[in-house]
Amino acid sequence: MGKGNQEMDEDDLLNIKNHEAIDELEIPDELPVLPLRDTVIFPYIVSPLIIARKKSIKLIDDAILGKRIIALIAQKDAQLEDPDQNDLFNIGVAANVLKMLKFPDGSLRVLVQGITRIENKKFIQSEPYLVARIKELKETYEEGIELDALSRNVSIQFQRIVSLIPHLPEELQIAIMNIHDMGKLADFVAANLSFALDAKQEILESLSIKTRLEKLTVLLNREIEVLEMGSKIQTKVQSELGKNQREFYLREQLKAIQKELGMTDERTIEINELSEKIKAAKMSDEAMKEANREIDRLAKMPPGAAEYTVARTYIDWLISLPWSISTKDMLDINVATQVLDEDHYNLKKVKERILEYLAVRRLRQEMKGPILCFVGPPGVGKTSLGKSIARAMGRKFVRISLGGVRDEAEIRGHRRTYIGALPGRIIQGLKNAGSNNPIFMLDEIDKIGQDFRGDPSSALLEVLDPEQNNSFSDHYLDVPFDLSKVMFITTANYLDPIPSALRDRMEVLELPGYTDEEKLQIAFRYLIPKQVKEHGLKSSYIAFDENAIRKIISDYTREAGLRNLEREIAAICRKVARTTIEDIDSKKRRKRRIRISKRTVHTYLGAKKFHSEIAERTRQTGVATGLAWTPVGGEILFVESTKMSGNKNLILTGQLGDVMKESAQAALSYIRSKAALFGIDEHFFDNMDIHIHIPSGAIPKDGPSAGVTMATSLLSLLKNQSVKNDIAMTGEITLRGKVMPVGGIKEKVLAAHRAGIKTIIMPVHNEKDLEDVPPSARDQLQFILVQELDKVFENAFSRTSKQKNAGGE
């Protein structure tokens, strides 16, 4: 198989002599076909070929012994090692084998010269090589000015290309000027330039000289454009390199002159200033080593380099961090107690924990900061408590919200290889604080997420571990930073979403919801003075009665925290502010301040938003009041039961979870098994359907704690006895009638207290949880501790109802 070789000597390249002798050669009708890869041979052009395949070597050997005339046809796919008849173009050239040279590896180098264009009419032999019946093609010639112009333009273009390509010999320009035959000129140009195989083949197949020159003109124009563009790029690069070398040389000369004169340039001054700042920052050894390394790189880098800004920004971050800057703790426990009491009412457990930490710090100076987690419903003061702790200890306060954070880089930062990389929010917070021992609050840690960008909660494992955070490594800094002096405080509404490994690293302090009495005290101590001041009022303009605040708490808010209470107080202040301005504008003289009383609350806030449904709903049979825990505090819920004719179906509605559905089934099974003891027909369920519904159907509900409430509701329905209207209950039940302990007792008791419940039935094993309930709520409630359902039923039903039913029977 033949492959073109452009490395030929000048005699071979320019050998277009003896055209008359070539024209006199007689072309046989049948010729052996030599397939060509990546090359096209043109008439009258001498070209070297390397022959390596056995078939092709056999063909050349036979041709040398014969007339030396062969057919050269290009193959369509250069990758084919053994092309057949369908893999070759139809048009090629008949060529004369001028020379042959054998190499030691068995391959041949031959020199061929094209004779004329031929067309392959039919292959008549495939072994030992291809042989085809061919037809000699004649080119067409049309005289005219246009043809002369085309040939002259091609000649000029070719000379221009030769001048732009260094490896082409200048003799080609002389050779092209000596070719007067237009067809031979076109073939000569096409043969000596590196066009694509398809483009060369198209020129070879063009029998019209005019068409051939037109196609060649297009190719030459494009080639000139590419070469000129490359020349411009090369000139620009050389110019830029020369400019940089010149600037470098001049800069070095300037340095030498300034050194002799005792002067320094701005860049040197900048580098020296950065070095001084690094020393003053008192970094760790690892950070100092890295900063000095970056300074050395910066000094060797031209200011215009892309890496210059990156390195400078990195050094600025290292310098600006508080490696050795700490605020002095206020360790006076009495002062701290006063500050905490000024800002927050009650919250004894949290305050005690902070005071204990201060006491230990006075006894032992070097102590790792605690990692606390405040858990409680919204609005109870978790975030503001962090600010108060910082004020009590005399520390800086930093807060970042983790709600919705899904990228690990938010915590650890991005590596410096990324464009616009920055440290994580932990390091950024410390820089903003300006000290290495602030109170650092990670708000809403239970709402942190994760996706394909990483798991931020896993990154927090190192931050919140006292054994590891003394060498916290941010991806951007890539040097350890000591977080052991930082006091981390996290906040959450509930613990369940927090990964167990992260939860294990934190000391959990629960902040319960406030009782009505606590809300009353907080309103008069904090909320009312704050809102009066924020609305531009004075104590001489407005006053709140105690009963008015109680009415707002009971009729206009129902929450564990204080946010809605503060909003309602703010709404009243806005209306009073408007009334005050209107009186001033109308030049009325105010005789007395506006007093907000229980009777006038609705004037400012409209109709009450909440009302007690307990007394009304529990007068009916089949209704019992239960207690539920939610992420925002406790709530009361009602369980309603009804019966109808049917076929032993238990219908459960109210968007109940699987656990709650199983509790309902267990309650029904227990009552059916004890029907005789309760005075109920043992076959009551045979022709009956029972429907249990828990209102607020849009809210999902689950958990086992409504078991006793469901059982009481069912028994009330079946015995036609109403449940006491001031009693609520909670507890899990078993098929044996046992009452099992449940969680969230503190929140449930506070919810019952807010709703006006007087008595709570709860598992005996939950008695210990009553210690967490504020005395102001606990002392106003009666608690009935039970172990069995029978005890629940004994205390749940109204005696008057029993007497009426007994009399009726």
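In which helix is the place of K551? Select residues 546–555: this is helix α20, and K551 lies in it. Helices (H or I, at least four residues) and strands (E, at least two) are DSSP runs, numbered from the N terminus. The model is predicted, so local features need pLDDT of at least 70 and side-chain atom pairs count only at pLDDT 80 or more, while totals for chains, interfaces and linings use all residues. Residues are numbered from 1 along each chain as its sequence is written, and side-chain values use heavy atoms, with hydrogens and water left out.

**Stop 1: K551**

Keep K551 selected. At 18% relative accessibility, K551 counts as buried (under 20% relative accessible area; exposed is over 50% and partly exposed in between, with a 1.4 Å probe and protein chains only). Leaving aside residues up to four places away in sequence, K551 touches Y556, K598 and V601, where contact means heavy atoms within 4.5 Å.

**Stop 2: strand β4**

Next, select residues 69–74, strand β4. Six of the six residues of β4 are buried, so the strand is largely enclosed by the rest of the structure. I69, A71 and I73 point one way from β4, and I70, L72 and A74 the other way.

Add residues 30–37: this strand, β2, pairs with β4 in the parallel sense over four bridges. Two strands pair if DSSP finds at least two bridges between them. In the pairing with β2, V33 stands opposite A71 in β4. Then add residues 91–102, strand β5, which runs antiparallel to β4 and is joined to it by four bridges; N96 in β5 is the bridge partner of I69.

**Stop 3: the parallel sheet**

Move to the open sheet of five strands, whose order is β9-β10-β13-β8-β14, with parallel pairing. Select 397–401 (β9) and 507–510 (β14): these strands stand at the edges with a single partner strand each, so one side of each is left without a neighbour in the sheet. The twist averages 20° from one strand to the next; axes are lines fitted to C-alpha atoms, for helices over the stretch in contact, and angles run from 0 to 180 degrees between N-to-C directions. β9 pairs with β10 (residues 439–443) in the parallel sense over five bridges, and S401 stands opposite D443 in β10.

**Stop 4: helices α9 and α10**

Select residues 266–281 and 285–300. The axes of α9 and α10 come within 11 Å and cross at roughly 180°. That makes α9 roughly antiparallel to α10 (over 145 degrees; under 35 is roughly parallel, 65 to 115 roughly perpendicular and the rest oblique). The residues in contact include I271, L274 and I278 of α9 and M288, I295 and L298 of α10.

**Stop 5: aromatic rings**

Rings of Phe, Tyr and Trp (its six-membered ring) pair if their centres lie within 6.5 Å; planes under 30 degrees apart count as stacked, over 60 as edge-to-face and the rest as tilted. By this rule there are eight aromatic pairs. Select F678 and F793, an edge-to-face pair at 5.5 Å centre to centre with 80° between the planes. F678 lies in the loop between α24 (658–673) and β20 (688–693), and F793 in helix α28 (residues 789–796), 115 residues apart. Both F678 and F793 are buried. Show Y670 and F797 as well: Y670, F678, F793 and F797 form one aromatic cluster.

**Stop 6: charges over rings**

Finally, select K184 and Y44: the charged end of K184 sits over the ring of Y44, 4.4 Å from its centre. The criterion is NZ of Lys or CZ of Arg within 6 Å of the ring centre and within 35 degrees of the ring normal. K431 lies over the face of W317, at 4.2 Å from the ring centre.
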